[in-house]
Amino acid sequence: HYGFLSDNTSSVHAGVPIKREWEGNQDSTASDMINSPSESNDSNFEEEQEEPKPCQNFFSLDKVLRTRQLVFDFDGERPIPRLREPLDLFTIPSTSCPFQGVRWPIECEVIRDKIQHIEWDPSEPEPFYQPTGDEQAPMPVGGVRGNTVYRIDPATKTSYFTYSRVGGSRGPIKSATSCANHQEEPTLAFESRFESGNLRKAVQVGQYDYELTLRTDLYTTKHTQWFYFRVRNMRVDVTYRFTIINLMKASSLYSAGMRPLLYSEHAAWLKGEGWQRTGANIRYYRNNTEQEGKVLYSLTWTLEFPFDGDTCYLAHCYPYTYSNLQHYLREVISDPVRAAYCKLRVLCRSLAGNAVYVLTVTAPSNSLAERKAKRAVVVTARVHPGETNGSWMMQGFLEFLLSDLPDARLLREIFIFKVIPMLNPDGVVVGNYRCSLTGRDLNRNYRSLLRDSFPCIWYTRNMVRRLLAEREVVVYCDFHGHSRKNNVFMYGCSDRKDASQCLQERVFPLMMSKNATDKFSFRSCKFKIHKSKEGTGRIVMWRLGIRNSYTMESTFGGSTLGDMKGTHFSTRDLKSMGYCFCDTLLDFCDPDPAKTNHCLEELGLLLRQEVRRKLGREVDSLEDLSDIDIESSTSGSNSTESDGLPVHLLNATNQGKKKQLRSRKERNRLRQERVQSTGPKIIQRNIKHLVELTKYAFL
Ligand SMILES: [Zn+2]
């Protein structure tokens, strides 16, 4: 860490215990630095010079030329003309902050209330729920026998995206609440027609018992997982039960102690408290219903609200909306200090016309040579809209990087950062879990040529391609959330044809685990290029030439490591992973190779142990090698089911749904057959590969 990170007095680091357990090499000193931050002066905060000063003894070209579009670099005294970059086209003037309103598909109703939550962290880590074994598993009752108290028009009223509008549909908001309530007890009042909200229906099935149906991702019939809704009209001192009845994943962290989140406006106002873990009698189980031949699962929990007549919110993870991002970016660019080294631009517009922002963060360079020598780092998040934990890591990353800490300054001096904090704003706005308004998973379409359908990732890939043409990109990392494993971990890519590089690509994640021992699990990291993941950002960027290309996955639950074992992650914990990412960049690029060598040695050792373990007993099934060889079922998300053409194009080309379904089934069957028939061969090849690797590990 160049010895700087002991500075815990700064606001960014305050209260964020980042463990350092480097063995040896504690004395790497500031003398290793490329440019000591202590020598930096106010010139760091000047506007980055677009052009170097032309040679003094050359006549002034500016005065001769009648265009300002040509600019000159100088090779000695020889002028080299090039076109001025058209950067200002999309620049957002930092003075007036014209962030436009949030655009919604035209059929979406949006309430006018401004939803805001305070940021807060519990003083003590919140423990996982400990099941008693007595948790009930209520089966769906449905609207016929129950009393439907909330229902929004099915959002898939139109089957594909057509138009968008700021604020959603025109006209008055229809009441979504049933008035057919003649009971003495007041019923709860539900609402989710706000940014990132997701609840389609609430049915009262007992006095304090509610059955909830989530809205699937827009223009799909899948991907229920994220939930976020408002509840009012509650009574204190009674126990309510909520059961979400249309979840689709077979397993869930709710079976491993994860608890839902509750936000009370009264608690925020009276005590300054924010989102807290809530719920008892938590159970995740298969229920007796199906949708399109797929079995459905329920999540049930009970809870007591803290106040009578409060306004409360329940959510799957700490919400982070598009408006939250806009608010933060507005704050950054209106601060002259940060605006000097952080440029905000609109990379492109999403399908609904929402801006996809890109930040360029770097210290102004003193010379062209200095600027050219800078390597780049690309960081992105929220391609999957329901993975709000990714945004909190991104928030931490940006807060650190834009801070005045010596390490942040050093990072800005060494690197040019390209940061896209929200790749899928439309999905975030409408409360999707996985898809964009194409009804498709963007993170399976990084190879797509359909610029107009997938602008957010098309322009991202294009930007990275241009960046690579001018400089080395040291690290690419896309932040995600993971719904089935605890802790934070990374997925990388390794080249089977080039075993000598293989360990190299594991160094960054191993360093992460050393910098966050109680949150980051190196054991959970995988370095595979799976066929079904070929369209992901990670693999496409790797193929473009970024060797250290990763996704960083944070659990929705919490930690199973060290001091944090058995507790949930708070927003502070998630943000600390962003700081940790910055720390690790410095370790990774330390001019003193000691840390890297130390990691390579350790990786070699780990690999040798692994091979011994694998070969030491009979290997007769795929599962035997799942850890390092065959990507296990929990290693990623099974969203291949959202592959294919954008829904609106499918519609235009008359490719009916049925055909799509059949081919998908067919595909799954074929894949299954392939796996079965090639199983032993894969194992053999993998062992051979491992042995190959260990050779390098000894080098
Ligand atoms: Zn994801």
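What percentage of the 699 residues in the chain is buried?

1. In this predicted model, buried residues account for 41% of the 699 residues in the chain. The secondary structure comprises 16 helices and 25 strands. Among contacts with a separation of 6 or more, 80% join residues that are 24 or more positions apart.

2. One open sheet contains five strands, in the order β6-β9-β15-β11-β12, and its pairing is antiparallel. Its edge strands are β6, residues 189-191, and β12, residues 276-277, each of which pairs on one side only.

3. Within this sheet, β9 (residues 228-232) is joined to β15 (residues 311-315) by five bridges, in the antiparallel sense. Valine 231 has cysteine 312 in β15 as its bridge partner. In general, the strands of a sheet pair through backbone hydrogen bonds, in either a parallel or an antiparallel manner.

4. A helix-helix packing also merits comment. Helix α7 spans residues 406-414 and helix α13 spans residues 571-588; their axes come within 10 Å and cross at roughly 60 degrees. Because of this crossing angle, α7 is oblique to α13. The crossing of α7 past α13 is left-handed.

5. Which residues of α7 and α13 meet? From α7 the residues are Asp407, Leu410 and Leu411, and from α13 they are Cys582, Leu585 and Leu586. By class, this contact of α7 with α13 has five nonpolar residues, one charged residue and no polar residues.

How values were computed
Residues are numbered from 1 along each chain as its sequence is written. This is a predicted model: local features need pLDDT of at least 70, side-chain atom pairs count only at pLDDT 80 or more; totals for chains, interfaces and linings use all residues. Axes are lines fitted to C-alpha atoms, for helices over the stretch in contact, and angles run from 0 to 180 degrees between N-to-C directions. Helices (H or I, at least four residues) and strands (E, at least two) are DSSP runs, numbered from the N terminus. Angles under 35 degrees count as roughly parallel, over 145 as roughly antiparallel, 65 to 115 as roughly perpendicular and the rest as oblique. A crossing is left-handed if the near helix is turned anticlockwise from the far one by less than a right angle, and right-handed if clockwise. Two residues are in contact if their C-beta atoms, placed from the backbone, lie within 7 Å. Ala, Val, Leu, Ile, Met, Phe, Trp, Tyr, Cys and Pro count as nonpolar, Asp, Glu, Lys and Arg as charged, and the others, Gly among them, as polar. A residue is buried if 20 or more other C-beta atoms lie within 10 Å of its own, exposed if 12 or fewer, and partly exposed in between; C-beta atoms are placed from the backbone. Two strands pair if DSSP finds at least two bridges between them.
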